[in-house]
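Reader: Hello! Could you take me through the side-chain contacts and tell me how each label is earned?
Author: Gladly; let us look together.

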Amino acid sequence: MNFRSGYFVALIVFALDQLVKWVVTGSLGIDRIGDQLTITPFFNFTYTENNGISLGLFNATTEVGRWMLVAVTAAIALAVGVWITREKNRVDQIALGMVLGGALGNILDRVRHGYVTDFADLHFGEWRPFLIFNVGDAAISIAVVILLLRAFLTRKEGPKETIEHA
């Protein structure tokens with residue numbers, strides 16, 4: 001079983017997530033809440049700090065909450081890492097690698113800063129279909145869609161019946 005592709009994808013997502021955060025907050029100087037750079041009429045870099053998890057849930061504004069989120073997300077990342085080694089389907093391994101890489105990028109942010117750096121702001125006029133996110137969040141979301149589609153659209157092969165000829 002070759003599960004290295006999942007770990008390779010995790011490494012790429014993690015590195016890309018950290019690199020883009022570094023460029024946005026460093027070179028571009030978008031590093032204070034509310035700082036914004038218009039990229040296109042429907043996409044901005046808008047700096048924000050996420051103290052919670054997906055969709056701002058479980059907002060951890062205390063040190064205890066911060067480290068509890070680190071522990072919970074690290075446990076989930078560990079479980080995904082184990083799942084990659086047991087998964088036989090290459091597409092699922094790659095999707096799980098995307099989840100792992102995104103999770104590790106966000107864990108590192110939370111350990112280093114106490115929050116996750118988010119900046120990608122997709123909008124259509126005033127309507128925002130997503131909260132402000134980062135590369136890791138996007139990778140996790142895309143991977144979950146891939147895993148769900150594969151789970152719902154692939155047929156499970158059951159035991160084949162044999163027909164006896166008399």
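Reader: What makes Asp 121 and Arg 128 a salt bridge?
Author: A salt bridge needs a side-chain nitrogen of Lys or Arg within 4 Å of a carboxyl oxygen of Asp or Glu. The closest N and O atoms of Asp 121 and Arg 128 are 2.8 Å apart, so the pair fits that definition. Please note that this is a predicted model, where local features need pLDDT of at least 70, side-chain atom pairs count only at pLDDT 80 or more, and totals for chains, interfaces and linings use all residues. Residues are numbered from 1 along each chain as its sequence is written, and side-chain values use heavy atoms, with hydrogens and water left out.

Reader: Why is Asp 121 called buried?
Author: Buried means under 20% relative accessible area, exposed over 50%, and partly exposed in between (1.4 Å probe, protein chains only). Asp 121 has 2%, so it is buried, while Arg 128, at 35%, is partly exposed.

Reader: How do you know that Asp 31 and Arg 32 form a salt bridge?
Author: Their closest N and O atoms are 3.9 Å apart, which is within the cut-off of 4 Å. Here Arg 32 is exposed at 55%, and Asp 31 is partly exposed at 35%.

Reader: Why is the pair of Phe 130 and Phe 133 called edge-to-face?
Author: Rings of Phe, Tyr and Trp (its six-membered ring) pair if their centres lie within 6.5 Å; planes under 30 degrees apart count as stacked, over 60 as edge-to-face and the rest as tilted. These two rings have centres 6.2 Å apart and planes at 75 degrees, so the pair is edge-to-face.
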